[in-house]
Amino acid sequence: MTKKEEVIEAARELFCTYGYRKVSMDEIANKSKVTKKTIYSYFKDKNDLIKYFAYEEIEKMKKIVDKIEKQNIKATEKVHNIIYSLIEFKKEEKLLKSFTDEAKYLPSGIADECSKMLTYSIMEEIEKLLKKGIENGNVRKCDTKLAAFIIYKMYFALMFEWNKPLDKKEVTENIMDILKTGIFN
């Protein structure tokens, strides 16, 4: 393992265990057995480390999308599986959860920037699926950016803001029914 990888692993472990606020660059240096100067040769500050981890999480999310994309299932199921899997990933990933829990303590702008990067990555993947669906004739022509935003927000609200328990099947059926047929007679 390179020194940079040791720094990254030490920072990840410390952030997951103690949170952003309680971890200092000195502690990261001690845990990774390098000097602070070495850390600063890779990352300009603790915020730079957070951004590194956000990009790393986006890469993990892209792998989830690629895996689902390769499945031989209907486009509507792909859309659902991707959105649901990404929202679950965002909710369950220890490091993301740690940063989300401490978002109010992160330096101004960093929490928002990382959150936006993750959200826009998810919406970008939804938009790609919608564009493919339009090309294949499975999705009617629409503003794919707006549709991706609406779909993401529906899932997000159900996963995090709805006060009643929902299972994956119920979420899928309700959202897909609304998307396929609308809600008005």
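F15, Y20, F43, Y52 and F53 form one aromatic cluster, and that cluster is a good place to begin a tour of this predicted model. From there, the briefing turns to the packing of helix α1 with helix α4, then to a loop between α2 and α3, and finally to a residue in helix α5 and another in helix α7.

**The aromatic cluster**

- Within the model, the count of aromatic pairs comes to 4.
- One of them joins F15 and F53: their ring centres are 6.2 Å apart and their planes stand at 85 degrees, over the 60 degrees needed, so this pair is edge-to-face.
- F15 belongs to helix α1 and F53 to helix α4, so the pair ties together parts that lie 38 residues apart in sequence.
- F15 has a relative accessibility of 0%, and because buried means under 20%, it counts as buried.
- F53 is buried too, with a relative accessible area of 1%.

**How α1 meets α4**

- Helix α1 covers residues 3-18 and helix α4 covers residues 46-69.
- Their axes are 11 Å apart, and the two helices pack at an angle of about 90 degrees.
- That angle falls in the range from 65 to 115 degrees, so α1 is roughly perpendicular to α4.
- On the α1 side, the meeting residues are I8, A11, R12 and F15.
- On the α4 side, they are K46, L49, Y52, F53 and E56.
- Sorted by type, the residues of this contact divide into 6 nonpolar and 3 charged, with no polar ones.
- F15, Y52 and F53 appear in this contact, and these three residues are also listed in the aromatic cluster.

**The loop between α2 and α3**

- Is V34 buried or exposed? With 12% relative accessibility, V34 counts as buried.
- V34 sits in the loop that runs between α2 (25-32) and α3 (36-42).
- Setting aside neighbours within four places in sequence, V34 is in contact with K3, V7, A29 and I39.
- V7 is 27 residues away from V34 along the chain, yet the C-alpha atoms of the two are separated by 7.8 Å.
- K33 is also placed in the loop between α2 and α3, but K33 counts as exposed, at 73% relative accessibility.
- What is the phi of K33? K33 has a positive phi of about 60 degrees, although it is not a glycine.

**I83 in helix α5**

- I83 has its place in helix α5, which spans residues 75-92.
- Its relative accessibility is 0%, so I83 counts as buried.
- Which residues does I83 touch, not counting those up to four places away in sequence? I83 touches I126, I151 and Y155.
- Between I83 and K116 there are 16 Å from C-alpha to C-alpha, and the two are 33 residues apart in sequence.

**E127 in helix α7**

- E127 is found in helix α7, which takes in residues 110-136.
- At 11% relative accessibility, E127 falls under the 20% limit and therefore counts as buried.
- The side chain of E127 makes a polar contact with the side chain of K145, at 3.4 Å.
- Leaving aside neighbours within four places in sequence, E127 is in contact with T144, K145 and A148.

Definitions and conventions:
Residues are numbered from 1 along each chain as its sequence is written. This is a predicted model: local features need pLDDT of at least 70, side-chain atom pairs count only at pLDDT 80 or more; totals for chains, interfaces and linings use all residues. Side-chain values use heavy atoms; hydrogens and water are left out. Helices (H or I, at least four residues) and strands (E, at least two) are DSSP runs, numbered from the N terminus. Buried means under 20% relative accessible area, exposed over 50%, partly exposed in between (1.4 Å probe, protein chains only). A polar contact is a pair of N or O atoms within 3.5 Å; within protein, one must be able to donate a hydrogen and the other to accept it, and residues adjacent in sequence count only if both atoms are side-chain atoms. Contact means heavy atoms within 4.5 Å. Axes are lines fitted to C-alpha atoms, for helices over the stretch in contact, and angles run from 0 to 180 degrees between N-to-C directions. Angles under 35 degrees count as roughly parallel, over 145 as roughly antiparallel, 65 to 115 as roughly perpendicular and the rest as oblique. Ala, Val, Leu, Ile, Met, Phe, Trp, Tyr, Cys and Pro count as nonpolar, Asp, Glu, Lys and Arg as charged, and the others, Gly among them, as polar. Rings of Phe, Tyr and Trp (its six-membered ring) pair if their centres lie within 6.5 Å; planes under 30 degrees apart count as stacked, over 60 as edge-to-face and the rest as tilted.
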